[in-house]
Amino acid sequence: MITTNSDKLFKESEKHIPGGVNSPVRAGKAVGVNPLIIKRADKGHIFDEDGNELIDFIGSYGPMILGHNNPIVKKEIVKALEDSLSFGAATKKELEMAVLIKELLPSIEMLRMVNSGTEATMSAIRLARGYTKRDKIVKFVGNYHGHGDSLLVQAGSGIATQGISSSSGVPDSIIENTLVLNYNDFEQLEELFKTSGKDIAAVIVELVSGNMGVVPGNFDFMKRLREITKEYGVVLIVDEVMTGFRVSIGGAQKLYKIEGDLICLGKIIGGGMPIGAFGGKKEIMERLSPLGDVYQAGTLSGNPIAMTAGITTLKYLKDNPKVYLYLEELGDRLENGINLLIDKYKIDATVNRVGSMMTLFFTRTKVTNFSEAKTSDEKAFARFYKEMLNLGLFFPPSQYEAFFLSNEHTIKDIDKTISCVEKVFEKMNRLE
Ligand SMILES: Cc1ncc(COP(=O)(O)O)c(C=O)c1O
C-alpha cells in the first residue's frame, strides 16, 4: 500500500499537534504503524490521502452505525445549516431530541445534552455526589468513561495500551475517592459494599465493556450490582456512551433488563457530530442547575446541527428495526468465519462479540475481565493489524478496542474480510 501522502502529512502534523493526533489511539503507537491520514468515507468504506480504499471497521469508534454519508442524515443537516450553526438559546430540536431519547430509553425521565461522552460521565458523577452528599465513586478495571480526572484510574481504551494505571496530572486527592473493582467479580463487590457501601455516591459501569476490547458483563453480576446499589442508596450510572443504540435500540440496559439511575450517552446520538448526554431519574436530574445546586453548563450544548444529525439517526433506527437484525447477521457471519479460521490455523485467539461490536483477542483464554484481556499477545495483534491494513482493512490500531459494523457493510465486505483473515492467519501460522 502506498502511504507517501499520509506519511508526509503525519510528519508535518507531529510538529504542530502532540503525537500528530487529536486523540492518542489514532497515532497507531500500539501497533507500530504511522496512521493513515483520512480524506473521506462513504458507506462502509474509507479513503486516505493516497487514494487507498479500505473497509472501515472503526466507524469513528461507534457513531457511524448507519455508515458514512447517509443521504437522509446529510439532507437534514444541509437543511439545518440554513438556520445558522449555533444560538446559545433553547430550541425545538432539543425538546424533540429529549422526547425521542426518553421514548427509546425508559430509564430516562429527564436528560441534558453535552458535547462529549467525557462531559456526560463527569457531569453524572458530580450530580450523583451532589444528590447523595457522599464523595466516593466506584469504577471497574478496564472500563473507560472518558478522561475526567476521577475516572482515569485503571481505565481501558487508549490508556490500556500504555500500561499505566492512571494519568499523570491527576492529583492523588481526587483518585483517593475512586474505588476500583475487577469486572464481573462478585466477591469483591460484596466485600466493598459491606465495608464502604454507605460512603459510596455512585457506581459507574459499562454493562457491555467495549474499552478493554469487547467484554460483556456477566448477567447475574450486573443484576446483583443493581440490587446492592439500591440496598445502599448508591446511584448506579450506566455508561451507554458506546452501547447506547448500538447493541439494541434500548441499549445494553434492554439486553440486561437493568435500569440505571443515571445513564450516559454519546456517539450514535450525534450521528457523527460531537455530542453527549446524561439523564435518568427525575428526582436526581432536578438537582441540576438551574433547578438545583449541582452546576453544569455548556456553550455549545444542544447544538442544532448535532441535534439534527442525532435525531435523524435515532429516528431511522427506531423506524427500521431490521438494522439490528442485519447487524447481527453480519456480526454472526464474521465471528463464525474467524472462529473457523482460528481452529483451522491453530491460532491462539478468541473472539468476543455483542451484536455489531467485536474484538479478536490474541489469547486462548476466555476473556471476561481486564486481566484476562491482558493475556493477549500484543505483538501478534500488531502483526495481524499491519497485514490486514495492507490488504485494505481499517481496524482500530489496538488490541483493546472494539471494531464496529455498520448498516452499510455488505455481505461481500464481510466475506472479503474473512478471506483476508485467512491469508494473514496462514502466514502467522507458517511463521510460528
Ligand atoms: C463507554 C464510554 N464512555 C465514555 C467515553 C468518552 O466519550 P468521548 O470520547 O466522547 O469523550 C467513551 C469513549 O470511547 C466510551 O466508550
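Is Ser 60 buried, partly exposed or exposed? I looked this up at the start, bearing in mind that the model is a predicted one, and I noted that Ser 60 counts as partly exposed because its relative accessibility is 43%, a value that falls between the limits of 20% for buried and 50% for exposed.

**Positive phi outside glycine**

I went to Ser 60 for its backbone, since its phi is positive at about 60 degrees although the residue is not a glycine. I placed Ser 60 in the loop that runs between β3 (53-56) and α2 (71-81).

I then turned to Lys 257, another residue other than glycine with a positive phi, here near 55 degrees. Lys 257 sits in the loop between α9 (251-256) and β11 (262-266), and with a relative accessibility of 76% it counts as exposed because the cut-off for that class is over 50%.

I added Lys 346 to this page, as it takes a positive phi of about 50 degrees just after α12.

**A cis peptide**

I checked the bond between Ser 289 and Pro 290 and found a cis peptide bond, with omega at about 10 degrees. Pro 290 belongs to the loop between α10 (282-285) and α11.

**Asp 48**

Which side chain of opposite charge is nearest to Asp 48? I found that it is Lys 39, at 9.1 Å, and that Asp 48, though buried, has no salt bridge. Asp 48 is part of strand β2, which covers residues 45-48. I looked for another partner of its side chain and noted that the side chain reaches the backbone nitrogen of Asp 50 at 2.9 Å. Leaving aside residues up to four places away in sequence, I listed Ser 6, Leu 36, Ile 37, Ile 38 and Lys 39 as the residues that Asp 48 touches.

**Thr 178**

I located Thr 178 in strand β6 (residues 178-181), and I entered it as buried because its relative accessibility is 7%, against a limit of under 20%. Its side chain reaches the backbone oxygen of Ser 150 at 2.7 Å. Ser 150 also appears in the contact list of Thr 178, together with Ile 137, Lys 139 and Val 153, when residues up to four places away in sequence are not counted. I also took the separation between the C-alpha atoms of Thr 178 and Thr 359, which is 28 Å for two residues that are 181 residues apart along the chain.

**Helix α12 and the sheet it packs against**

Does the length of α12 agree or disagree with its residue count? I worked from the 23 residues of α12 (residues 322-344), which at 1.5 Å a residue should span 33 Å, and the end C-alpha atoms are 33 Å apart, so the two values agree.

I went through the buried residues of α12, among them Val 323, Tyr 324, Leu 327, Leu 330, Glu 335 and Ile 342, and noted that the buried residues of this helix pack against α11 (304-319), β13, β14, β16 and α15 (411-431).

The strands named there led me to an open sheet of 3 strands, ordered β13-β14-β16, with antiparallel pairing. Its edge strands are β13 (350-354) and β16 (403-404), each of which pairs on one side only. I followed β14 (residues 357-361) to β16 and recorded 2 bridges joining these antiparallel strands; Met 357 stands opposite Phe 404 in β16.

How values were computed. Residues numbered from 1 in each chain as written. Predicted model: local features only at pLDDT ≥ 70, side-chain atom pairs only at ≥ 80, totals over all residues. Heavy atoms only, no water. Helix = DSSP H or I, 4+ residues; strand = E, 2+ residues; numbered from the N terminus. Buried < 20%, exposed > 50% of the residue type's maximum accessible area, 1.4 Å probe, protein only. Lys, Arg positive; Asp, Glu negative; His and termini not counted. Salt bridge = Lys/Arg side-chain N within 4 Å of Asp/Glu carboxyl O. Polar contact = N/O pair within 3.5 Å; in protein donor to acceptor, adjacent residues only side chain to side chain. Contact = heavy atoms within 4.5 Å. Pairing = 2+ DSSP bridges. Expected span 1.5 Å × (residues − 1).
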